[in-house]
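Trainee: I would like a close look at a single part of this protein. Could you walk me through the aromatic rings and what surrounds them?

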Amino acid sequence: MKIVFMGTPEFAVPCLRTLAESSHEVAAVFTQPDKPKGRGYKMIPTPVKAAAQEYGFAVYQPLSLRKGEDADEAMRILTETAPDLIVVTAYGQILPKEILELPKYGCINIHASLLPKYRGAAPINHVLLNGEKETGVTSMQMSEGLDTGDMLIKRATGIGENENYEQLYSRLAAMGGEVLAETLEAIEKGELHPEVQDDSQSCYSPMIRKEMSALDFSKSAQEIHNTIRGVTGFAMLDGKRFKVFSSELSDKTAPDAENGEIVDPDILAVKCGGGGIIVFREVQPEGKKRMRTEDFLRGNKPAKGTKFN
């Protein structure tokens, strides 16, 4: 098949590599425009663009697919390319109806959840925030709705008790490539069995907001642990911002301590609402690099009773 791929972040790269290493023709790659990063505001290519250039694929970066000159040019390119299929993975733009209907086999999306649950932009974050035990990847025939198209292939995976966003993101990205390969094979063999989504079982995962990372120590240890896993937590320690990248739950309690109080400075254990305790495992003090907690404690051991807020 002649395929056009649309994707942007690192999550989409395994799907692009699956196509590149298959027998299919990758006729073009669409990705978001480069963005400036770092102190020098140097323009950095998207991960998908960088991967596409490794294979020598033609890359297009329209500002919009829905309006303006960029949209007209994108439609011209797609029409002339005449793909049999468009594969979309975390592209970051909504495809208009005329693009959805252009290819012979339509457009399929590789989505990082077990649809119909967790439609939307941030499914990996929200399954962790909500303490889900299972998630997965779904390939879907795209429609005009937001992640509402018929499901094609679903693959589930358990979520580790302490698994955080970065770890789950990497695992699901790899699964995405595998699900895409299965979906393409089923298309070629005529063995797809699309399943209509049950809208009554759906839930939405909106974009993450910065304030969602604030740690509220009046909440339970499990809720705080889920926040850290899902969005990276932060609190204030001695008037400075303190990020927490990973944590684990303790089987001990401290009912007499105050919420946010460090009850064991040797391991950075903190009391939470209801008396539960959470242990910070990977942290970043303000102005410092990210580090394991034991490295932080070598020269920055807080006194017992010090409070996060």
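Mentor: Happy to; we will go from ring to ring and look at the surroundings of each. Keep in mind that this is a predicted model.

A search of the whole structure finds eight aromatic pairs. A pair like this is described by the distance of the centres and the angle of the planes. Let us begin with Phe 11 and Tyr 169, whose ring centres are 5.5 Å apart; their planes meet at 70°, so the pair is edge-to-face. Find them in the chain: Phe 11 is in the loop between strand 1 and helix 1, Tyr 169 is in helix 6, and 158 residues separate the two. Both rings belong to buried residues.

Now turn to Tyr 55 and Phe 57. Their centres are also given as 5.5 Å apart, but with 20° between the planes this pair is stacked. Is each partner buried or exposed? Tyr 55 has a relative accessible area of 29%, so Tyr 55 is partly exposed. Phe 57, at 17%, is buried.

Let us return to helix 6 and see what lies around it. Helix 6 lies across strands 1, 6, 7, 8 and 9, and runs at about 150° to strand 9. Those strands belong to an open, mixed sheet of seven strands, in the order 5-2-1-6-7-8-9. Strand 5 and strand 9 are its edges, each pairing on one side only. Inside the sheet, strand 1 and strand 2 pair in the parallel sense over five bridges, with Lys 2 standing opposite Glu 25.

The largest nonpolar core has 36 residues, and Phe 5 is among those that touch the most other members. Helix 6 supplies the largest share of this core, nine residues. Leaving out residues up to four places away in sequence, Phe 5 touches Leu 16, Val 29 and Val 87, among others.

Further along the chain, ring pairs link Phe 217, Phe 242, Phe 280, Phe 296 and Phe 308 into a cluster. Charged partners appear as well: the charged end of Arg 241 sits over the ring of Phe 234, 3.7 Å from its centre. Arg 290 lies over the face of Phe 245, at 4.0 Å from the ring centre.

To place some of these residues, look at strand 10 (residues 233-237) and strand 11 (residues 240-253), which pair in the antiparallel sense over five bridges. The two strands form a hairpin with two residues between them, and Asp 238 in the turn has a positive phi of about 55°. Strand 11 also runs antiparallel to strand 14 (residues 276-285), joined by eight bridges.

Technical notes. Residues numbered from 1 in each chain as written. Predicted model: local features only at pLDDT ≥ 70, side-chain atom pairs only at ≥ 80, totals over all residues. Heavy atoms only, no water. Pairing = 2+ DSSP bridges. Helix = DSSP H or I, 4+ residues; strand = E, 2+ residues; numbered from the N terminus. Core = buried A, V, L, I, M, F, W, Y, C linked by side-chain atoms within 4.5 Å. Buried < 20%, exposed > 50% of the residue type's maximum accessible area, 1.4 Å probe, protein only. Contact = heavy atoms within 4.5 Å. Axes fitted to C-alpha atoms, helices over the stretch in contact; angles between N-to-C directions. Phe/Tyr/Trp six-rings, centres within 6.5 Å; stacked < 30°, edge-to-face > 60°. Lys NZ or Arg CZ within 6 Å of the ring centre and 35° of its normal.
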